[in-house]
Amino acid sequence: MNFNDLEKTWDRQTVTGDSSPLAAALSRRLTSEVRHERRRVLGGIAVVTFALLVGWAVTIGFHFAGIAPIDRMGVVSLTVGSLIDAAFFVLAIRSARRIQAEVRASGGNLLDSVNASLRTIESRMHDTILITYGLPAVALISSLRFFARYLAGAMPRFGAVAGSLATFAFCGAVVAAMWWRYRRHLVPRRAELRELAASLAEPK
């Protein structure tokens, strides 16, 4: 039986005790849903960490190999990029901690589990909106970094244009994917959980 079947069965039943097998199964599934969202956040942190380490390794390797020495503009560019990465890590770690708190909160009765899952979905919706507005700004700043290095003579014009286009394409793809998930999964899921929470809170 999948999660939707459990919820439909719960809506039709008249037994509401938290000790019932159906309530226990639904509570476990809700807790699993919250943990899944936390894994998504931790996965994002891991991917960005890997990309950051690879980027620094390549930059330092090119510098010592004499392929692309780090000049003053390069230091400024790397500093700006590192500040952007640091902002992402702060937001992602805060999100992971919020969701971990909801994992602990979902260990109570069924209504607690539903509310914890609802708060998690709403938190992810907030994060999605923040990233949707933040990534275009990040793409713009990255493009300005490319063109600043071009104007300083540290990068050819083709490299600046190609780098800017690639950055906007990547950020655009991420925004499109996150917005699709927001509309197709998070919004409907929030409505389902609100309805379920309301039905559980009603006196029987």
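Hi everyone, here is a short tour of the cores, one helix and some salt bridges in this structure.

This is a predicted model, in which local features need pLDDT of at least 70 and side-chain atom pairs count only at pLDDT 80 or more, while totals for chains, interfaces and linings use all residues. Residues are numbered from 1 along each chain as its sequence is written, and side-chain values use heavy atoms, leaving out hydrogens and water.

Let's start inside. The largest nonpolar core (buried Ala, Val, Leu, Ile, Met, Phe, Trp, Tyr and Cys joined through side-chain atoms within 4.5 Å) has 14 residues, and L30, L110, V114 and L193 have the most contacts inside it. Buried here is under 20% relative accessible area, exposed over 50%, and partly exposed in between, with a 1.4 Å probe and protein chains only. Two or more residues come from each of α2 (21-65), α4 (110-151) and α5 (157-201); helices are DSSP runs of H or I, at least four residues, numbered from the N terminus.

Now, the salt bridges: there are eight (a Lys or Arg side-chain nitrogen within 4 Å of an Asp or Glu carboxyl oxygen) in the structure. In one of them, R98 pairs with D127, their closest N and O atoms 3.1 Å apart. R98 sits in α3 (72-105) and D127 in α4, so this pair ties together parts 29 residues apart in sequence. D127 is buried at 11%, whereas R98 is partly exposed at 34%. D127 also bridges to R124, at 3.6 Å between the closest N and O atoms. What network do these residues belong to? Salt bridges link E37, R98, R124, D127 and R181. Thanks, everyone!
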